[in-house]
Amino acid sequence: MSHDIPPRQACFPIRVVMEMTGLTARQIRYYEEQGLVKPDRNEGNQRMFSLFDIERLNTVKAYIEKGINIAGIKAIMSSDG
DNA sequence: TTTCTCACA
DNA sequence: TGTGAGCA
């Protein structure tokens, strides 16, 4: 790859996270509000999701699909990351 | 053009 | 949770 190397960690805008997780922007922002993910913020105050955030959101999605609510997911991820 | 926050249904 | 308005 002679284009460019990862400056620090691969980060993506919510648009990409949306497609990678299958979640809506609303859900992603809501889960962040609940403390399930903590994406960084760029100069324009936009969320910059790392690979870890995306994987975490996928975990959250899996729990939601299992019928677990935010409180339950928070307890699970908080006790056994 | 895309994302952000806030408020409403 | 979805949608719309107004802004950067």
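A residue is taken to be near a DNA strand if one of its heavy atoms lies within 4 Å of that strand. In this predicted model, the residues that surround DNA strand B under that criterion are Ile14, Arg15, Arg26, Arg29, Arg41, Asn45, Gln46 and Arg47. Divided by class, this surface holds one nonpolar, two polar and five charged residues. Of the atoms of DNA strand B that lie within 4 Å of the protein, 74% belong to sugar or phosphate, and the rest belong to bases.

Individual polar contacts to DNA strand B involve both backbone and side-chain atoms of the protein. A polar backbone atom of Arg15 is placed 3.1 Å from a phosphate oxygen of the strand, whereas for Arg29 it is a polar side-chain atom that lies 2.5 Å from a phosphate oxygen of DNA strand B. Gln46 contributes an N or O atom of its side chain, which is 3.3 Å from a sugar or linking oxygen of DNA strand B. The elements that supply two or more residues to the surface near this strand are helix H1 (14-21) and helix H2 (25-33).

Around DNA strand C, the residues are Thr24, Arg26, Gln27, Tyr30 and Tyr31. Of the atoms of DNA strand C that come within 4 Å of the protein, sugar and phosphate account for 36%. The surface near DNA strand C comprises two nonpolar, two polar and one charged residues. Phosphate oxygens of DNA strand C are approached by polar side-chain atoms of Thr24, at 2.9 Å, of Tyr31, at 3.2 Å, and of Gln27, at 3.4 Å. Arg26 is listed among the residues around DNA strand B and also among those around DNA strand C.

Within the protein, attention turns to the packing of two helices, which is described by the angle between their axes and the distance between the axes. H1 and helix H3 (residues 51-65) pack at an angle of about 45 degrees, and their axes are 10 Å apart. Angles of 65 to 115 degrees count as roughly perpendicular and those under 35 degrees as roughly parallel, and H1 and H3 are therefore oblique to each other. The crossing in which H1 passes H3 is right-handed. Val17, Met20 and Thr21 of H1 make the contact with Ile54, Leu57, Asn58 and Lys61 of H3, and by class this contact includes four nonpolar, two polar and one charged residues.

Conventions:
Residues numbered from 1 in each chain as written. Chains lettered and ligands numbered in written order. Predicted model: local features only at pLDDT ≥ 70, side-chain atom pairs only at ≥ 80, totals over all residues. Heavy atoms only, no water. Polar contact = N/O pair within 3.5 Å; in protein donor to acceptor, adjacent residues only side chain to side chain. Helix = DSSP H or I, 4+ residues; strand = E, 2+ residues; numbered from the N terminus. Nonpolar A, V, L, I, M, F, W, Y, C, P; charged D, E, K, R; others polar. Axes fitted to C-alpha atoms, helices over the stretch in contact; angles between N-to-C directions. Parallel < 35°, antiparallel > 145°, perpendicular 65-115°, else oblique. Left-handed = near helix turned anticlockwise from the far one by under 90°. Contact = heavy atoms within 4.5 Å.
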